[in-house]
Amino acid sequence: MKAVCYHGMHDLRVDTVPDPVLQDPRNLIIKVTSTAICGSDLHIFDGFMAPFMEKGDILGHEPMGEVVEVGPAVSRFKIGDRIVVPATISCGECFFCQKTLYSCCDNTNRMPEYGAKAIGYPTGGIYGYSKLTGEYPGAQAQYLEVWNADIGSVKVPDGLADEQALFLSDIFPTGWMAAENTQLEAGDTVAVWGCGPVGQFTIRSLYLQGAGRVIAIDEVPERLQMARDGGAETIDFAEVDNVCDVLKAMTNGRGPDRVVDAVGCEAAGHGAIDAVLDKAKSAVFLTTDRAHALRAAIMCCRKGGTVSVPGVYVGFPDKIPFGAVMNKALTIKTGQTHMPRYTEPLLQRIANGEIDPSFVVTHRVPLERAPEMYETFRDKKDACIKVVLKPWD
Ligand SMILES: NC(=O)c1ccc[n+]([C@@H]2O[C@H](COP(=O)([O-])OP(=O)(O)OC[C@H]3O[C@@H](n4cnc5c(N)ncnc54)[C@H](O)[C@@H]3O)[C@@H](O)[C@H]2O)c1
Ligand SMILES: [Zn+2]
Ligand SMILES: [Zn+2]
């Protein structure tokens, strides 16, 4: 089959690789009909995960497709079903899965020694996301072996198009959990850094969960426009001296009640001193993450508020204003998304017409064009916001 393979930083290729074979009775295999590129994949593309990657690793974790083979222990799906598969792999049985902390699953990381070293304890598995999450073959391929298929995957009703259901694999649940993690009270004002796909789903989820007002921050015009289409007010951070001053002025001097960092470890900084230092230090491997958005979110949040962080950090970001966290009595909530909590309820919301996730798609291309589309997506060329890959076109 064809698959998008890692060959080094900024070097992805579409290779011909062996088709997957069933390795466990709880697994099934799908013929992938649609699969997407995520902002998290860009961290791999840009070399942030290099120590944990091997040449030939298949990327991708946002798949859907048709079931073509089913292990004998799978009970919820049969051959021919059209399913969406969550990015994270969970056992459904361990201490963490029992608490619905599915991304923290204790049984699905096949290389626990890496996670134990890097972050204290290994997390659960994620498709196509390095040795840190079990080095599972990824979903930007013609076929995918789905692990523990009964936990979290959902069958798509006939009436829904691929692009309406596909984002149940990751970015819709991620935006939804990011909104839940703000611990908002009805009517609250929430500031969201980053209007990429995750930011867009966060904005819409916040309103569905009762936010009064969402203020979104980015510098890319079409992303800011999409945020406004979702009901947000916007700030172009490249146009203002200090985002915090603008947020203060917009909130009678008190600051947003809740803040969300939907940017993660590759934040742009436009000359802010902390961002200049991040850039210099990361160029010589003295820091692992560029955390300008996280610092800004913490500083701008009102006293007693909550900082929700769906953005991915990989290592040891520095200069985090922990004095502000402590003295302002902030709560920080974060995590890789606990997908199986959300896939079924959010599918219902899509089927009920409360939201149509296909709004975010700007590019649909055959799998062969994936390597160039990583660059287009990262550099926001051609007004790119979300790329869907079609492995059989
Ligand atoms: N927690 C999870 O399970 C999960 C799931 C999916 C994605 N993610 C993470 O969420 C983050 C966003 O993903 P995405 O797909 O939307 O990626 P993206 O790269 O398309 O979006 C990031 C956006 O942030 C903007 N940005 C950069 N610097 C900024 C700054 N200083 N202030 C405000 N905006 C700034 C960029 O212009 C861009 O629009 C990534 O870190 C990704 O890894 C996490
Ligand atoms: Zn993702
Ligand atoms: Zn588990």
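Good morning. I begin in the loop between β8 (143-146) and β9 (154-155), where Asn148 is found. This is a predicted model, and every value I quote is computed from it.

Asn148 has a positive phi of about 45°, although it is not a glycine. As general background, most residues other than glycine have a negative phi. Is Asn148 buried or exposed? Its relative accessible area is 9%, and because the cut-off for buried is under 20%, Asn148 counts as buried.

What reaches the backbone nitrogen of Asn148? The side chain of Asn27 does, at 3.1 Å. Asn27 is itself found in a loop, the one between β2 (12-16) and β3 (28-36). Asn27 is buried, with a relative accessible area of 0%. Its side chain also joins that of Glu145 in a polar contact of 3.0 Å. Setting aside residues up to four places away in sequence, Asn27 touches Leu22, Val70, Gly71, Val74, Glu145, Val146, Trp147 and Asn148.

A second residue invites comparison with Asn148. Lys319 is not a glycine either, yet it has a positive phi of about 55°. Lys319 is found in the loop between β14 (306-309) and α11 (322-327). At 35% relative accessibility, Lys319 counts as partly exposed, whereas Asn148 is buried.

Let me turn to the overall layout. The domain assignment gives domain 1, residues 2-170 + 337-390, and domain 2, residues 175-334. How far apart do the C-alpha centres of the two domains lie? They lie 26 Å apart. Between them, 25 residues of domain 1 are in contact with 20 residues of domain 2.

The largest nonpolar core also involves both domains. Of its 42 residues, Phe167, Leu168, Phe172, Leu206 and Val360 touch the most other members. The elements that contribute two or more residues to this core are α5 (171-180), β10 (189-193), α6 (197-208), β11 (213-218), α7 (221-229) and α12 (343-351). Helix α5 provides the largest share, six residues. Domain 1 and domain 2 each supply at least three residues to this core. In general, nonpolar side chains in soluble globular proteins tend to be buried together.

Leu168 can serve as an example from this core. Leaving aside neighbours within four places in sequence, Leu168 is in contact with Val84, Val154, Pro173, Thr343, Leu346, Leu347 and Ile350.

There is also a second, separate core of 24 residues, which includes Cys300, Val307, Val309 and Ala324. Cys300 brings us to helix α10, residues 292-300, in which eight of the nine residues are buried. Which residues of α10 are buried? They are His292, Ala293, Leu294, Arg295, Ala296, Ala297, Ile298 and Cys300. These buried residues pack against β10, α8 (243-250), β13 (258-261), α9 (273-283), β14 and α11.

I come now to ligand 1. Of the 30 residues around this ligand, Ser40, His43, Asp218, Arg223 and Ala268 come nearest. Several pairs of polar atoms can be listed here. A polar side-chain atom of Ser40 lies 2.7 Å from an oxygen atom of ligand 1. For Gln336, a polar side-chain atom lies 3.2 Å from an oxygen atom of the ligand. Gly39 contributes through its backbone, with a polar atom 3.0 Å from an oxygen atom of ligand 1.

How much of the accessible area of ligand 1 does the protein cover? On its own, ligand 1 has 860 Å² of accessible area, and the protein covers 95% of that. The elements giving two or more residues to the surrounding shell are α1 (39-45), α6 and β11. Helix α1 gives the largest share, three residues.

I close with Asp218, one of the residues that come nearest to ligand 1. Asp218 is found in strand β11 and is buried, with a relative accessible area of 9%. Its side chain reaches the backbone nitrogen of Cys195 at 2.7 Å. Beyond neighbours within four places in sequence, Asp218 is in contact with Gly194, Cys195, Gly196, Arg223, Leu224, Ile235, Asp236 and Phe237. Asp236 is 18 residues away from Asp218 along the chain, and their C-alpha atoms are separated by 5.4 Å. Arg223, one of these contacts of Asp218, is likewise among the residues that come nearest to ligand 1.

Thank you for your attention.

Conventions: Residues numbered from 1 in each chain as written. Chains lettered and ligands numbered in written order. Predicted model: local features only at pLDDT ≥ 70, side-chain atom pairs only at ≥ 80, totals over all residues. Heavy atoms only, no water. Core = buried A, V, L, I, M, F, W, Y, C linked by side-chain atoms within 4.5 Å. Buried < 20%, exposed > 50% of the residue type's maximum accessible area, 1.4 Å probe, protein only. Helix = DSSP H or I, 4+ residues; strand = E, 2+ residues; numbered from the N terminus. Domains from an automatic or database assignment. Contact = heavy atoms within 4.5 Å. Near = heavy atom within 4 Å. Polar contact = N/O pair within 3.5 Å; in protein donor to acceptor, adjacent residues only side chain to side chain. Areas by Shrake-Rupley, 256 points an atom, 1.4 Å probe, with all protein chains shown as cover.
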